[in-house]
Amino acid sequence: MSGWDEGAVHYSDQAQFPHGAGADPEQAANRHTVLRKFKEFIRNFARPNEPNVFPYRESLVQNPKFLLVNLTDLLTYDKDQDLRDLLRKNPSDYLPLFETAAAEVSANLKARVAGETGEMEEPQTGEVQILLKSDEDPVSMRALGAQYISKLVKISGITIAASRTKAKATYVTLLCKNCKNVKVVPCRPGLGGAIVPRSCDHVAQMGETPCPVDPWIVVPDRSKYVDQQTLKLQENPEDVPTGELPRNMLLSVDRQLVQTIVPGTRLTIMGIYSIFQASKTSTSHKGAVAIRQPYIRVVGIEETNEATRGPANFTQEEVEEFKRFAAEGNVYENICSKIAPSIFGHEDVKKAVACLLFGGSRKTLPDGVRLRGDINVLLLGDPSTAKSQFLKFVEKTAPIAVYTSGKGSSAAGLTASVIRDNSTREFYLEGGAMVLADGGVVCIDEFDKMRPEDRVAIHEAMEQQTISIAKAGITTVLNSRTSVLAAANPPSGRYDDLKTAQDNIDLQTTILSRFDLIFIVKDIKMFSQDKKIATHVIRVHTSANAAGEPRDTKDDNWLKRYIQYCRSMSQPRLSDSAATSLQQTYVEIRQKMRKQANETGESTAVPITVRQLEAIVRLSESLAKMRLSNVANDIDVVEAVRLFENSTMDAAKSGINQHINLTPEMANEIKQAESQIKRRMGIGAHLSERRLIDDLTRMGLNESVVRRALIIMHQREEVEYKRERRVIYRKA
């Protein structure tokens with residue numbers, strides 16, 4: 001019978017029969033009064049602005065299975081005897097009472113029905129589930145302590161796992177082995193078991209065998225059941241303090257709430273903070289009878305969808321301030337000046353990051369196909385060019401963001417993993433970084449250091465914006481509507497201008513085409529620029545403590561709120577003239593690329609496909625979204641094309657090309673250098689590159705000519721680089 005009563009020691013009264021319901025007449029009278037008040041509230045409550053509309057009564061008529069009650073309405077209806085406080089302090093006592101009241105009211109609202117004999121009979125009272133909601137702010141999961149046990153709490157988080165549906169007994173039918181006496185015992189709600197009596201009530205007659213101790217056996221077929229499911233709720237990534245692991249909480253949902261939630265959904269839940277005895281405790285805790293696991297018995301769920309994510313209730317002053325800001329002429333410049341102000345230069349990267357934070361418009365076509373509205377950006381280039389600083393800034397500023405590093409991320413950690421539950425031994429899904437950041441941004445640093453098989457896992461998430469799982473008997477699709485901001489280094493550590501674009505951008509075409517903008521960030525050695533950067537860095541270091549911290553956080557917070565407001569309020573579309581000009585531009589870009597491919601005889605490192613056309617559309621929409629406009633005009637398209645040409649097109653044309661227009665003198669010099677290299681190195685010989693160049697420069701050859709000759713020989717596969725390009729090996 002271990003399934004029925006999980007704890008060996010019983011510690012709480014049943015919810016259906018609170019604290020001696022029948023024994024104390026005063027308490028019974030009090031319960032009767034409360035029941036009457038609840039019934040009056042459901043029947044008579046009307047909001048002040050609509051005095052003749054009774055929302056709860058109508059809701060019961062339309063859907064007699066459940067009733068969604070706002071706790072604020074209870075307060076406005078009943079100011080003297082506070083029903084809301086009773087529900088807050090003793091929810092497990094008064095919630096069943098509220099459900100009884102709702103069931104009785106529901107039965108009274110129905111018309112009488114004709115029975116089998118033809119007489120009019122009262123309708124059957126069905127069960128009604130009460131779901132609560134409240135407008136107060138949720139408590140942090142870390143703040144839940146012993147003082148909240150058996151009280152009503154409200155917390156928010158993200159679902160990371162959902163179990164299968166189980167049948168939970170509400171009443172257990174017991175049968176005595178000896179006298180066949182039948183007894184019905186109520187079960188504790190939530191994860192509690194039933195309290196089975198030790199002895200039978202039957203008094204033995206003369207000649208009968210008296211009933212032994214523990215005579216009861218459970219009759220499962222005659223017991224009453226409801227559906228139940230357990231969920232795992234984890235803290236929102238943005239609420240976890242730095243350097244700490246996110247906490248999670250077990251939730252128990254039943255009846256109407258079962259199978260309404262999939263992993264990866266953000267929730268705000270109302271529930272009763274309860275405790276249960278874990279069935280399979282470790283051996284060290286076997287004797288510790290008083291130690292219990294906390295869980296929350298859910299009595300109300302609100303899904304925080306993307307539009308209302310976070311503190312979405314903007315005040316009137318904020319909305320006016322946002323509209324005033326959007327009405328100014330130079331919104332785009334103002335926003336870009338607020339993006340990573342501590343980083344010098346990189347104007348186009350800042351503009352691209354601004355577009356990524358605002359995002360384009362998500363569209364659903366008539367045939368059900370979804371087009372993504374999120375913008376993906378890749379920063380590729382030399383070390384110490386502030387790539388990781390951009391990622392850290394976006395993590396702080398985006399309303400939802402997850403930061404991860406390429407080397408420390410596996411395919412399962414980025415998408416979703418299947419985990420086996422210790423107690424039930426069944427599999428369940430846990431969402432990874434791309435699922436947790438649904439509706440936000442994933443920042444992936446060291447993108448080039450990821451294993452190729454892990455990088456493939458995010459292909460689907462970047463374009464279709466879903467993650468399909470088929471593992472361990474679980475086949476499902478999770479949403480991952482995220483933007484990806486990735487930073488990577490070229491294969492040799494630094495960007496080498498003497499190599500082709502393919503060699504510098506060592507990523508597959510499949511992943512590159514999914515990035516809307518690809519920036520090649522170079523560390524250019526220029527005296528004037530170096531001087532400016534040095535001045536800027538030293539000023540940042542010297543004035544770091546002097547600058548008032550609160551002002552910065554307020555500024556960051558303002559930008560975060562503005563981004564949130566724009567994303568929820570504005571869904572721009574292209575104007576007709578902008579669409580026409582964009583078509584022409586795209587066709588011209590494709591023609592240029594075809595011409596270049598014909599001349600060189602090979603395709604570009606960064607492909608220009610229809611995805612890139614969609615990228616320009618998304619960029620135009622995000623520029624319109626910044627100024628809260630519903631139409632993206634020609635100016636937006638021009639700026640979007642400029643950004644695209646300065647990033648992805650430049651990346652496609654970067655590096656050395658095979659068709660360098662060599663002058664005859666230079667070609668002659670390179671040929672000479674080649675013959676000297678071949679004379680210096682026999683087939684199969686190894687030689688240090690530095691030593692080879694030094695030897696040939698002593699013979700009077702120019703160093704850059706020797707390097708170029710080596711590159712051309714490497715492209716013809718006559719030589720090969722080894723040991724991180726330090727040693728040259730001459731092939732046959």
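In strand E23, leucine 517 is the bridge partner of valine 377. That pairing belongs to a predicted model, in which local features need pLDDT of at least 70, side-chain atom pairs count only at pLDDT 80 or more, and totals for chains, interfaces and linings use all residues. Residues are numbered from 1 along each chain as its sequence is written, and side-chain values use heavy atoms, with hydrogens and water left out. Helices (H or I, at least four residues) and strands (E, at least two) are DSSP runs, numbered from the N terminus.

Back to the sheet. Strand E15 (residues 377-381) runs parallel to E23, and five bridges join them; two strands pair if DSSP finds at least two bridges between them. The wider arrangement is an open sheet of five strands with parallel pairing, in the order E16-E19-E22-E15-E23. At the edges stand strand E16 (401-405) and strand E23 (517-521), each with a single partner strand, so one side of each has no neighbour in the sheet. On average, neighbouring strands of this sheet are turned by 15° against each other, direction ignored. As general background, strands of a sheet pair through backbone hydrogen bonds, either parallel or antiparallel.

Helices pack on this sheet too. H8 lies across E15, strand E19 (441-445), strand E22 (483-488) and E23, and runs at about 150° to E23. Here axes are lines fitted to C-alpha atoms, for helices over the stretch in contact, and angles run from 0 to 180 degrees between N-to-C directions. Helix H9 (residues 387-397) touches E15, E16, E19 and E22, with its direction at about 155° to that of E19. Contact, here and below, means heavy atoms within 4.5 Å.

H8 (residues 347-358) also packs with helix H19 (residues 610-626), at an angle of about 80° and with the axes 9 Å apart. That makes the two helices roughly perpendicular; the cut-offs are under 35 degrees for roughly parallel, over 145 for roughly antiparallel, 65 to 115 for roughly perpendicular, and oblique for the rest. H8 brings Ala354, Cys355 and Phe358 to the contact, while H19 brings Leu619, Ser622, Leu623, Lys625 and Met626. Sorted by class, that gives six nonpolar, one polar and one charged residues, where Ala, Val, Leu, Ile, Met, Phe, Trp, Tyr, Cys and Pro count as nonpolar, Asp, Glu, Lys and Arg as charged, and the others, Gly among them, as polar.

Leu623 turns up again around aspartate 636, a residue of helix H20 (residues 634-653). Leaving aside neighbours within four places in sequence, aspartate 636 is in contact with Ser620, Leu623, Ala624, Arg627 and Val631. Aspartate 636 is buried, at 5% relative accessibility; buried means under 20% relative accessible area, exposed over 50%, and partly exposed in between (1.4 Å probe, protein chains only).

Burial also marks strand E10 (residues 248-254): five of its seven residues are buried, so the rest of the structure largely encloses this strand. Strand E9 (residues 224-234) runs antiparallel to E10, with seven bridges joining them, and glutamine 228 sits opposite aspartate 254 in E10. With strand E12 (residues 293-303), E10 pairs in the parallel sense over two bridges, and serine 252 faces arginine 297 in E12.

On to the charges. The structure holds 26 salt bridges, a salt bridge being a side-chain nitrogen of Lys or Arg within 4 Å of a carboxyl oxygen of Asp or Glu. One of them joins glutamate 689 to arginine 707, with the closest N and O atoms 3.9 Å apart. This pair links distant parts of the chain, glutamate 689 being in helix H22 (residues 689-698) and arginine 707 in helix H23 (residues 703-715), 18 residues apart. Glutamate 689 is buried at 14% relative accessible area, whereas arginine 707 is partly exposed at 27%.

Glutamate 703 and arginine 690 form another salt bridge, at 3.8 Å from N to O. Since glutamate 703 lies in H23 and arginine 690 in H22, the pair ties together parts 13 residues apart in sequence. Both partners are partly exposed, glutamate 703 at 31% and arginine 690 at 42%. Glu689, Arg690, Asp694, Glu703 and Arg707 are linked in a network of salt bridges.

Within H22, arginine 698 and aspartate 695 form a salt bridge at 3.1 Å between the closest N and O atoms. Being three residues apart, these two are separated by about one helical turn. Arginine 698 is exposed at 67%, while aspartate 695 is buried at 16%.
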